[in-house]
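I had this one open on the screen and kept a few notes as I went. They are in the order I looked things up.

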Amino acid sequence: QVQLVESGGGLVQAGGSLRLSCAASGNRFSIKAMGWYHQIPGAQREWVATVTSGGTTTYADSVKGRFTISRDNAKNTVYLQMNNLKPEDTGVYYCKLREGDYVLGHEYDYWGQGTQVTVSS
């Protein structure tokens, strides 16, 4: 059973920084990618950033230049460094892991429990 444990959320003033962490365990297959999503009450979960097993990173336009996603393969941990935070960054941040069964060609997605980020103006 895959488990994702997130940490690092909190309250910060606009312009400040936070670093989120997500530690994965229990995966049966190779991890293809890990990423972060953002959700506010009443809205759909939105993609923020992804890092692949090969180290390729992609970002939503709203966070480019401010957020950096990175991954420690040895620790199965993904990080999200968030700088120059804005009030609209407030919400719950969820970690997602995608593992791949290359034999059968199946992919499986798992989610963390979420961590709250609040940015005050």
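What follows are my entries on the fold, a sheet, a hairpin and a pocket.

**Ground rules.** I am working with a predicted model, in which local features need pLDDT of at least 70, side-chain atom pairs count only at pLDDT 80 or more, and totals for chains, interfaces and linings use all residues. I count residues from 1 along each chain as its sequence is written, and side-chain values use heavy atoms, with hydrogens and water left out.

**Overall fold.** I looked for helices and found zero, against eleven strands in the chain. For both I rely on DSSP runs numbered from the N terminus (helices are H or I with at least four residues, strands are E with at least two). Next I checked the radius of gyration: it is 14 Å, close to the 14 Å that the globule rule gives for 121 residues, so the chain is as compact as a globular protein of that length. That radius is taken over C-alpha atoms, and the rule is 2.2 Å times the number of residues to the power 0.38. I also boxed the C-alpha atoms along the principal axes and got roughly 50 × 25 × 25 Å. Buried residues come to 41% of the 121; buried means under 20% relative accessible area, exposed over 50%, and partly exposed in between, with a 1.4 Å probe and protein chains only.

**The four-stranded sheet.** I traced an open sheet with the order S1-S3-S8-S7 and antiparallel pairing. Strand S1 (3-7) and S7 are at the edges with a single partner strand each, so one side of each has no neighbour in the sheet. Ignoring direction, I get an average turn of 15° between neighbouring strands of this sheet. The axes there are lines fitted to C-alpha atoms (for helices, over the stretch in contact), and angles run from 0 to 180 degrees between N-to-C directions. Two strands pair if DSSP finds at least two bridges between them.

**The S7-S8 hairpin.** How many bridges join S7 to S8? I found six, and the two strands run antiparallel. Going through bridge partners in S8, I noted Gln81 for Thr68 and Tyr79 for Ser70. Phe67 also sits in S7, and I looked up whether it is buried or exposed. Phe67 is buried, at a relative accessible area of 3%. Its C-alpha atom is 6.7 Å from that of Leu80, although the two residues are 13 apart along the chain. Four residues lie between the strands of this hairpin. Asn76, in the loop between S7 (67-72) and S8 (77-82), has a positive phi of about 50° although it is not a glycine.

**Another asparagine.** I noted Asn84 for a positive phi of about 50° too, and it is not a glycine either. Asn84 belongs to the loop between S8 and strand S9 (91-101), and is partly exposed at a relative accessible area of 42%.

**The largest pocket.** I put its space at about 150 Å³. A pocket here is an open set of points on a 1 Å grid over the protein atoms alone, where a 1.4 Å probe fits, with protein on both sides within 12 Å along at least five of seven lines; lining residues have an atom within 4 Å of a point. Grid points are joined across faces, edges and corners, and the volume is the space filled by probe spheres set on the points. I listed 13 lining residues, with His38, Glu46, Ser62, Val63 and Asp89 nearest the centre. Strand S5 (residues 46-52) gives the largest share, three residues. By class I have six nonpolar, two polar and five charged. Ala, Val, Leu, Ile, Met, Phe, Trp, Tyr, Cys and Pro count as nonpolar, Asp, Glu, Lys and Arg as charged, and the others, Gly among them, as polar.
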